Amino acid sequence: MFQSTTKGLLHFEDLDPKMFEVMYRNILDTSENYEPEIKSYGIEGSDDGVDILCIEKSSKLKNFIQCKRYKKISSSDLKEIVDRIVEKNKND
């Protein structure tokens, strides 16, 4: 696995997609704002837009997270992603 030697700013483009997701999961794990049962879907290309599911401790609000590194995204693309996630998970 490639390991970045960058010091200072994080260069997300150095991380492969799975490592980017692992990094985000670690941020959630250490934040203490979420229930400890954070779920990683971990099946590349078959998660229908959800990489991580976590539940806020205080509000019990479910957070469906898709880890992507877009340089630019349109509002219609974002709406499509959110609609797909909501539809797939509305009975959870």
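What joins the side chains of Glu35 and Lys60? A polar contact of 2.6 Å does. The close-up views below set this pair in its surroundings. The model is predicted.

**View 1. Glu35 and Lys60 form a salt bridge.** The closest N and O atoms of Glu35 and Lys60 are 2.6 Å apart. Glu35 sits in the loop between α1 and β1, and Lys60 in the loop between β2 and β3, so the pair ties together parts that are 25 residues apart in sequence. Leaving out residues up to four places away in sequence, Glu35 touches Ile55, Glu56, Lys57 and Lys60. A search of the whole structure finds four salt bridges. The Glu35 pair is one of them.

**View 2. Pro36 lies in the loop between α1 and β1.** Glu35 is found in the loop between α1 and β1 too. Is Pro36 buried or exposed? Pro36 has a relative accessible area of 61%, over the 50% cut-off, so Pro36 counts as exposed. Along the chain, Pro36 and Ile55 are 19 residues apart. Their C-alpha atoms are separated by 8.5 Å.

**View 3. Three strands make an open sheet.** The strand order is β1-β2-β3, and the pairing is antiparallel. At the edges are β1 (39–40) and β3 (62–65), each of which pairs on one side only. Helix α1 (residues 17–31) packs on this sheet. The helix touches β1, β2 and β3. The direction of α1 makes about 5° with that of β2.

**View 4. β1 and β2 pair in the antiparallel sense.** Strand β2 covers residues 52–55. How many bridges does the pairing of β1 and β2 run over? The pairing runs over two bridges. Which residue in β2 stands opposite Ser40? Ile52 takes that place.

**View 5. Asn63 is a buried residue in strand β3.** Its relative accessible area is 18%. That value is under the 20% cut-off, so Asn63 counts as buried. A polar atom of the Asn63 side chain lies 3.2 Å from the backbone oxygen of Leu61. What does Asn63 touch beyond residues up to four places away in sequence? Its contacts are Tyr34, Ile52, Leu53, Cys54 and Glu56. Of these, Ile52 stands opposite Ser40 in the pairing shown in View 4.

**View 6. Glu21 and Lys18 form a salt bridge in helix α1.** The closest N and O atoms of Glu21 and Lys18 are 3.3 Å apart. Why are the two residues separated by about one helical turn? Because Glu21 and Lys18 are three residues apart in helix α1. Glu21 is buried, with a relative accessible area of 8%. Lys18 is partly exposed, at 34% relative accessibility. The bridge thus joins a buried residue to a partly exposed one.

**View 7. Arg25 and Asp29 form another salt bridge in helix α1.** The closest N and O atoms of Arg25 and Asp29 are 3.4 Å apart. Arg25 and Asp29 are four residues apart in the helix, so about one helical turn separates them. Asp29 has 40% relative accessibility and counts as partly exposed.

How values were computed: Residues numbered from 1 in each chain as written. Predicted model: local features only at pLDDT ≥ 70, side-chain atom pairs only at ≥ 80, totals over all residues. Heavy atoms only, no water. Pairing = 2+ DSSP bridges. Contact = heavy atoms within 4.5 Å. Axes fitted to C-alpha atoms, helices over the stretch in contact; angles between N-to-C directions. Buried < 20%, exposed > 50% of the residue type's maximum accessible area, 1.4 Å probe, protein only. Polar contact = N/O pair within 3.5 Å; in protein donor to acceptor, adjacent residues only side chain to side chain. Salt bridge = Lys/Arg side-chain N within 4 Å of Asp/Glu carboxyl O.
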